[in-house]
Every structure is written in structure tokens, then in C-alpha cells.
Amino acid sequence: MTLLFAPTASVPTPVASARTTVIALHGSASAPSQWRRLVAELEADFEVMTPVLPGYGADTLPVHSPRTLEQIAHDVIDGLGRCHTPVHLVGHSFGGAVALKIASLVPEMVLSLTLIEPAAFNLVWNMSGISTPKTEGFNQAVRVSRNALQGGDPARAMQVFMDFWNGPGFWERTDPDRRATMTKCVPKIHNDFVALVSDRFLAAEAARVTCPVLCISGDQSPPEIHEVTTALSDLIAQTQHEIVAGAGHMVPITHPETVNPLVSAFLAKTSCECQKYKRAA
């Protein structure tokens, strides 16, 4: 789940364009502003849209109303329908799980899929069960965080997630104003967890993902991310995996000088291949 916070704009409405559209999805407790540098990298060649995921920004939902991953995906799909042509999807953390779900639901609308540190634990849980040791660290963080939230300590609940993704002590090193903003997102983070737990993603769903897939992760990330990327490669043969040295879960923000060129090159290559296919047809 991403952890960069800034004021968010309203969801941009995709429009018809001569250029191919890229949709970049932020993660839990984040905002479209996390993609500023990627937008600057891509905007000369692509129309780049960075919508606010449901439940974030001005689109707040009651904390007692968790939504399924498929429902969240369909909210984004409704916007894709206004693009008129297939798009490239980019997603970080929970946004990666949403992007993957979209690609399985409407493969005809997705030219390529870029998943950066995808928190798609549903891939692992559907194969190994939610109690699998493969995701024990994350599951334990969820339990401790939920207990803190239910006990009336949302700041502690957010600290658990922060330190899980970024290492012990990260929360204490974070600016107090930013901590206050992050803390407000804790109920929605737990709703995102419910969305992942309840989602079904097995071989049949994976078989519907027919586009090229680029997966980017950091070599300092929690081991649970390795389990997700391994499951992704096992389920979707056309997955290319790039590992960024010295980077953790926040790799698109901490290492944009490495991540953004990887994304740009992948999109350019995929777009070129799509054009060749169209000409051949």
C-alpha cells in the first residue's frame, strides 16, 4: 500500500485521443500525486490518466461498507469505456491488484499491464490458503493493526502497516502532519484487505489476461511481495519481472530514475508491437 499523501484532484474523465491512453492507479492510502514524475516521463507520447480509487480523495465511503475487488475494478472499467480504444494499465501496490483484476475482466480493453510491487495477495491465498506461511508477516500486520483500530488507536493501527512495508521505525521518522493524514486512511486500508481476501483469482482468471505484463519490485521489499510476483509468473506466462536493487515497496517514489524508464520502454515496445499487429491485420 502506497504511502505518499497530497491533495487529490477529482477523477479525470478519459476522452478520445489520437494517442494511446495510460491509466495509472495508486495504492491504498495514497493519491494520484504519487505519479507526478511518471506522468512527466510519459506525457510526450501518451495520454496519462491518474484517477482516484474509490474511497479515497473526495470519494469517501462509510467504513462499514467494504467493496469487493471486482466492484472496485468495475468503477475503473466504467471510465475505460469512455476511452474508446484499449489502454495501458499501471498499478502500484493495491492499485496493482485492481489493475490485474481489470485485465482479467475486460482483456479486450487492456494493451499492457505494469504491476509495481503488486499487493495481489489474493493470487497466493487462492493457491495456498489465507493461513499460508508465505504471507504470515502481512497477515500478522493486519491482525495487529485491526486490533489497534478496534481498540480505538488508529495511529497505532497505521504505524503497524507503515513499519511492515518500510521497516521498523519508519513511522516514528515520518512528519507528524503526514502521520495524521495517513491515520485517517486506516479504515479504508482494512476494507482493501477485505477486498483481497474475498477475491477469486485462479488459473481461469489468469488465462483471460492476454496482454504483456511487466512486474517491477524492489529487492528490499517484504518477502510477501516475492511470493506474489512468483505466483504472478506461475499463473501468467507472459510476465517480465524487473527487480530494482536497494529499493523497497515504495520503489516508484523512491527510485523513479530507475522505474520510470523501465515503464516507458515497456509501453513503447508494447505500443509498437500493437501497431505492427494492426498493420498486419
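**View 1. Strand β3 and its burial in the predicted model.** Strand β3 (residues 87–92) is largely enclosed by the rest of the structure, because 6 of its 6 residues are buried; buried denotes under 20% relative accessible area, exposed over 50%, and partly exposed the range in between, with a 1.4 Å probe and protein chains only. Val-87, Leu-89 and Gly-91 point one way from β3, while His-88, Val-90 and His-92 point the other way. Residues on both of these sides are buried. Helices (H or I, at least four residues) and strands (E, at least two) are DSSP runs numbered from the N terminus. The model is predicted, and local features need pLDDT of at least 70, side-chain atom pairs count only at pLDDT 80 or more, and totals for chains, interfaces and linings use all residues. Residues are numbered from 1 along each chain as its sequence is written, and side-chain values use heavy atoms, with hydrogens and water left out.

**View 2. The strand partners of β3.** Strand β1 (residues 21–25) pairs with β3 in the parallel sense over 4 bridges; strands are taken to pair if DSSP finds at least two bridges between them. Two of the positions in register are Ile-23, whose bridge partner in β3 is Leu-89, and Leu-25, whose bridge partner in β3 is Gly-91. Strand β4 (residues 110–116) also pairs with β3 in the parallel sense, over 6 bridges. Here Leu-89 stands opposite Leu-113 of β4. The strands β3 and β4, together with helix α3 (residues 94–105), make a right-handed β-α-β unit; right-handed means that, with the strands pointing away from the viewer, the path from the first strand over the helix to the second runs clockwise.

**View 3. Strand β1 and its pairing with β2.** Strand β1 is mostly covered, with 5 of its 5 residues buried. On one side lie Thr-21, Ile-23 and Leu-25, and on the other Val-22 and Ala-24, all of them buried. Strands β1 and β2 pair in the parallel sense over 3 bridges, with Thr-21 opposite Glu-47 in β2. Helix α1 joins these two strands in a right-handed β-α-β unit.

**View 4. The salt bridge between Glu-47 and Arg-19.** A salt bridge requires a side-chain nitrogen of Lys or Arg within 4 Å of a carboxyl oxygen of Asp or Glu, and by this rule the count comes to 6 salt bridges. In one of them, the side chains of Glu-47 and Arg-19 meet at 3.0 Å, N to O. This pair links distant parts of the chain, with Glu-47 in strand β2 (residues 47–49) and Arg-19 in the segment before β1, 28 residues apart. Glu-47 is partly exposed, with a relative accessible area of 24%; Arg-19 is likewise partly exposed, at 30%.

**View 5. The salt bridge between Arg-67 and Asp-75.** The side chains of Arg-67 and Asp-75 meet in a salt bridge at 2.3 Å, N to O. Arg-67 counts as partly exposed at 25% relative accessibility, and Asp-75 counts as partly exposed at 31%.

**View 6. Asp-192 with Lys-188 and Ser-28.** Asp-192 forms a salt bridge with Lys-188, the closest N and O atoms being 2.3 Å apart. Both residues lie in helix α8 (residues 186–197), 4 residues apart, about one turn of the helix. Asp-192 is buried, with a relative accessible area of 2%, and Lys-188 is buried at 13%. The side chain of Asp-192 also makes a polar contact with the side chain of Ser-28 (2.5 Å); a polar contact is a pair of N or O atoms within 3.5 Å, where within protein one must be able to donate a hydrogen and the other to accept it, and residues adjacent in sequence count only if both atoms are side-chain atoms. Ser-28 is found in the loop between β1 and α1 (36–42), and counts as buried at 1% relative accessibility.

**View 7. The two faces of helix α10.** Helix α10 (residues 223–235) has 13 residues and reaches 19 Å from its first C-alpha to its last, close to the 18 Å expected at 1.5 Å a residue; the expected span is 1.5 Å times one less than the number of residues. Its buried residues are Glu-224, Ile-225, Val-228, Thr-229, Ala-231 and Leu-232. They cover an arc of only 160° around the axis, which puts them on the same side of α10; the arc is that of the directions from the helix axis to the C-beta atoms. The face turned away from this buried side carries the exposed residues Pro-223, His-226 and Asp-234. Ile-225 is buried, with a relative accessible area of 2%. Ile-225 and Ser-93 are 132 residues apart in sequence and 9.5 Å apart in space, C-alpha to C-alpha.
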